[in-house]
Amino acid sequence: MKFIAVIPARYASTRFPGKPLAILGGKTVIERVYEQVKKVIDDVYVATDDDRIREAVEAFGGKAVMTSPNHKSGTDRIEEAVEKIGADVDVVINVQGDEPFIHESQIRTVCDCFNDSTTQIATLGKPFGRTPEDIKAIENPNSPKIAVSKAGFALYFSRSVIPFCRGKERTEWPESFPYLKHIGLYAYRREVLREVTLLPLGELEKAESLEQLRWLENGYKIKVGLTDIETVGIDTPEDLVAARKYFAKQD
């Protein structure tokens, strides 16, 4: 199979304008992401709506594609980029532009999900800790949880704690069930990417504000690969400070 990776990167982020161009360890965040992806995927593009990001990507030797500023999701931006690239590919990988520490093993795991011919979309899950103190992380609505089938396909994603452990104290829940945290790395078969961008907003998506529920609600099969690596995303200026500290520890 032929894989292509596309990194959506907007300048006008509400919580952190200019985030892709923030400096992390002497390089921009978007360059850090690009370098990590290139370790695994040969064909990598940044999909952006801002000339400053395009110029920065081209300055470090990367490939960029200009896309509309009106997209409501990164998935829509990726679809436009792939159309413009015109490459004949089997699978498109969506790597978030604010994940400079995405690990090559995580990208490989998502790619390996397509060894199963029934996989239409793939993503990642990471087990939460199993101690009583881990209930706080599990209950965090900003860390969506995944319920999976025995075959490894997503049954549901939720900001709530799923499943509910009946008859157990809250602090007993982590040791009573292997809760799974969603890591927002996606990959799609080429034709599936095109199809899901045409779907109308779903009721489950409206309720939880999770785009992947639109796909489940319409019957698409999402394979969940497993990782034990915690990524450090950058959503706010405070996250950048934490990322810089984390980066310094890697040297």
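**A walk from Arg190 to Asp98**

Start by selecting Arg190: this residue is buried, at 9% relative accessible area. Keep in mind that you are looking at a predicted model. Now add Glu83, which forms a salt bridge with Arg190, the closest N and O atoms being 3.0 Å apart. Glu83 sits in helix H3 and Arg190 in helix H7 (residues 190-196), so this pair ties together parts that are 107 residues apart in sequence. Unlike buried Arg190, Glu83 is partly exposed, at 44%.

While you're here, colour the whole of H3, residues 74-85. With 12 residues at 1.5 Å each, the helix should span 16 Å, and its end C-alpha atoms are indeed 16 Å apart. Several H3 residues are buried, including Ile78, Ala81 and Val82. Step just past the helix to Gly86, which has a positive phi of about 70°.

Next, pick Lys126 and Glu230, whose side chains meet in a salt bridge (3.8 Å, N to O). Lys126 belongs to strand S7 (residues 121-127) and Glu230 to the loop between strand S11 and helix H10, so parts 104 residues apart in sequence get tied together. Which of the two is buried, Lys126 or Glu230? Lys126 is, at 14%, while Glu230 counts as partly exposed at 37%.

Last stop: Asp98, in the loop between strand S6 (91-94) and helix H4 (104-112). Asp98 is buried, with a relative accessible area of 13%. Show Lys19 too: its side chain makes a polar contact with that of Asp98 (3.2 Å). Other residues in contact with Asp98 include Val29, Val232 and Ile234.

Terms used
Residues numbered from 1 in each chain as written. Predicted model: local features only at pLDDT ≥ 70, side-chain atom pairs only at ≥ 80, totals over all residues. Heavy atoms only, no water. Helix = DSSP H or I, 4+ residues; strand = E, 2+ residues; numbered from the N terminus. Expected span 1.5 Å × (residues − 1). Buried < 20%, exposed > 50% of the residue type's maximum accessible area, 1.4 Å probe, protein only. Polar contact = N/O pair within 3.5 Å; in protein donor to acceptor, adjacent residues only side chain to side chain. Contact = heavy atoms within 4.5 Å. Salt bridge = Lys/Arg side-chain N within 4 Å of Asp/Glu carboxyl O. Lists of a residue's contacts leave out its neighbours within four places in sequence.
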